[in-house]
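Q: Please give me a close look at one part of this model. Then set that part in its surroundings.

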Amino acid sequence: MVLNFLTVHSLEENSLLAAQDICARLHHHAMQSPSLLLVYFTQAHDAAVLREQLGRQFPTTPLLGCSSCGGVMTEMGHHVRQEHGLAVAAFYDEKGAYGVAGAEGELVDVRLLLRRAMLECGRPGELPQLVLVHASPGQEEEVLASIEAEFGHSVPVVGGSAADNKVSGDWQLCWSEGQSKLGVALAVLYPDCQLAFQFHSGYVPAESHGAITSCDGREVLTIENEPAAEVYARWCGRQQSWPVGPILHESTLTPLARQVGTLDGVPYYKLSHPEAVTERGGLRLFTDVTVGERLWLMYSSQEGLLQRSLSAIRIDPEYGVDARLQPVGALIIFCAGCRLALGDMLYQFVEQSQARLGQIPFITPFTFGEQGRLPHGELAHGNLMVSSVIFLTNDTGQATR
């Protein structure tokens with residue numbers, strides 16, 4: 001049997017009932033236990049209850065979960081009711097192997113987690129076909145550096161940072177053996193199929209740019225020796241800066257970015273979403289920055305954001321995908337800021353993704369940071385981006401490795 005990928009969702013507002021609903025739906029679809037469960041849910045749910053109930057029903061199945069901003073999306077639409085939403089992707093893959101590991105805290109040994117996950121699924125020392133990572137916001141760059149140190153530049157990585165509804169720290173992670181608000185959870189995947197990856201932003205550069213002249217972690221203090229918040233406001237066409245406080249919504253269509261490289265002579269970027277204006281007149285971002293890096297103003301519109309986001313689910317042969325392969329499922333990690341900017345147009349994403357991929361199942365959490373590899377293989381953490389993996393088998397129903 002080749003890889004079977006399916007999604008189920010629940011709008012139950014009690015975490016125990018929601019998990020039981022998911023289990024019943026999965027049992028309805030298949031008698032055997034899944035090879036892997038990906039669990040995405042809103043902050044109103046209790047990750048511990050979800051993990052424990054799913055684990056009780058499927059004790060041999062590795063599980064990886066992450067909270068999502070404002071709902072969860074599948075091929076059936078956007079799922080949330082009274083701030084509660086839960087969706088699960090189930091993999092059924094007799095020939096594949098899947099391992100999960102996680103840990104709580106700010107100083108997680110990610111290399112140890114990778115080795116533990118590989119050992120769990122019986123593939124110690126074998127490079128996975130994919131690493132899927134979810135971390136609490138603030139740890140992403142260190143996590144990616146550890147993955148690169150362990151596996152080098154060749155292993156694909158897809159990831160999304162845990163999210164809540166109001167950047168209040170109420171995000172959650174869960175994995176087979178635990179859950180936490182602060183930490184890292186990851187999976188190593190060895191599926192019996194081919195994979196196609198994309199990591200895209202929905203933005204284009206404006207003319208305004210300047211070098212960071214002072215910063216403190218994720219807070220940009222000055223750009224070209226001027227207060228960063230004032231410079232950014234001027235770039236956005238404002239007469240004065242925003243007051244101290246959150247500007248997440250105001251900055252969604254005009255984020256900042258750093259150029260990473262060029263592809264066919266065209267620059268490409270990784271984005272940073274300004275979260276707030278600080279007391280020091282700086283900008284707090286959702287990514288780390290360093291002095292000397294040049295920030296570019298980026299921009300988009302709702303329609304432009306929709307169309308460019310859809311670029312993250314293309315499987316054109318020109319991108320190295322065998323034309324004989326057919327998609328059977330997809331994981332599409334979508335920035336929470338882009339979701340909010342799209343508003344009601346989010347439903348068009350579901351419709352147009354089906355037009356591109358066909359009537360296949362997919363699952364989409366809305367995250368506070370996205371991770372993936374850029375065109376020349378750079379492993380990056382960015383904001384306002386889409387990171388995706390599409391699972392493909394050939395049209396004869398036989399998967400290829």
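A: Two strands pair if DSSP finds at least two bridges between them. Strands (E, at least two residues) and helices (H or I, at least four) are DSSP runs, numbered from the N terminus. The model is predicted, so local features need pLDDT of at least 70 and side-chain atom pairs pLDDT 80 or more, while totals for chains, interfaces and linings use all residues. Residues count from 1 along each chain as its sequence is written, and side-chain values use heavy atoms, without hydrogens or water.

Start with strand 13, residues 194-201. It runs antiparallel to strand 27 (residues 385-394), and 8 bridges join the two. One of these contacts can be followed by residue: Gln-198 has Ser-388 of strand 27 as its bridge partner. Strand 13 is mostly covered, with 6 of its 8 residues buried (buried: under 20% relative accessible area; exposed: over 50%; partly exposed: in between; 1.4 Å probe, protein chains only).

Now the whole sheet. It is open, has 6 strands and mixed pairing, and follows the order 5-4-24-23-27-13. Strand 5 (77-79) and strand 13 are the edges; each has a single partner strand, so one side of each is left without a neighbour in the sheet. From one strand to the next the twist averages 20° (axes are lines fitted to C-alpha atoms, for helices over the stretch in contact; angles run from 0 to 180 degrees between N-to-C directions). Elsewhere in this sheet, strand 4 (residues 72-74) meets strand 24 through 3 bridges, again antiparallel. There, Met-73 has Thr-364 of strand 24 as its bridge partner.

Next, the aromatic residues. Across the whole structure, 10 aromatic pairs are found (ring centres of Phe, Tyr or the six-membered ring of Trp within 6.5 Å; planes under 30 degrees apart are stacked, over 60 edge-to-face, the rest tilted). Phe-334 and Phe-349 make one edge-to-face pair, with 5.1 Å between centres and 75° between planes. Phe-334 belongs to strand 23 and Phe-349 to helix 8 (residues 346-357), so this pair ties together parts 15 residues apart in sequence. Both rings are out of reach of the probe: Phe-334 has a relative accessible area of 0%, and Phe-349 also stands at 0%. Phe-334 has another partner, Phe-366: the centres are 6.0 Å apart and the planes at 80°, so this pair too is edge-to-face. This one links strand 23 with strand 24 (residues 362-367), 32 residues apart. Phe-366 is buried, as is Phe-334.

A charge joins in here. The charged end of Arg-339 sits over the ring of Phe-366, 5.4 Å from its centre (the rule: NZ of Lys or CZ of Arg within 6 Å of the ring centre and within 35 degrees of the ring normal). Arg-123 does likewise with Tyr-190, lying over its face at 5.0 Å from the ring centre.

Strand 23 also matters to the core count. The largest nonpolar core holds 68 residues, and Leu-38, Phe-91, Leu-132, Leu-189, Leu-331 and Phe-391 have the most contacts inside it. Strand 23 (residues 325-335) gives the largest share, 8 residues. A second, separate core has 23 residues, including Ala-97, Ala-117, Met-118 and Val-155. A core here is a set of buried Ala, Val, Leu, Ile, Met, Phe, Trp, Tyr and Cys residues joined through side-chain atoms within 4.5 Å.

Phe-91 deserves a closer look. Beyond its neighbours within four places in sequence, its contacts (heavy atoms within 4.5 Å) include Leu-3, Pro-34, Leu-38, Leu-189 and Phe-391. Ring pairs also join Phe-91 with Phe-5, Tyr-98 and Phe-391 in a cluster.

Now the other sheet. This open sheet of 6 strands has the order 1-6-2-3-10-11 and mixed pairing. Its edges are strand 1 (4-10) and strand 11 (178-180), each with a single partner strand, so one side of each lacks a neighbour in the sheet. Here the twist averages 10° from one strand to the next. Helix 1 (residues 15-29) packs on this sheet and touches strand 1, strand 2 (36-41) and strand 6 (86-92). The direction of helix 1 makes about 145° with that of strand 1. At the strand 11 edge, strand 10 (residues 173-175) pairs antiparallel through 3 bridges. Trp-175 has Gly-178 of strand 11 as its bridge partner.

Last, helix 5 (residues 228-235). It is mostly covered, with 6 of its 8 residues buried. Those are Ala-228, Ala-229, Val-231, Tyr-232, Ala-233 and Trp-235. Gly-237 follows helix 5 and has a positive phi, near 85°.
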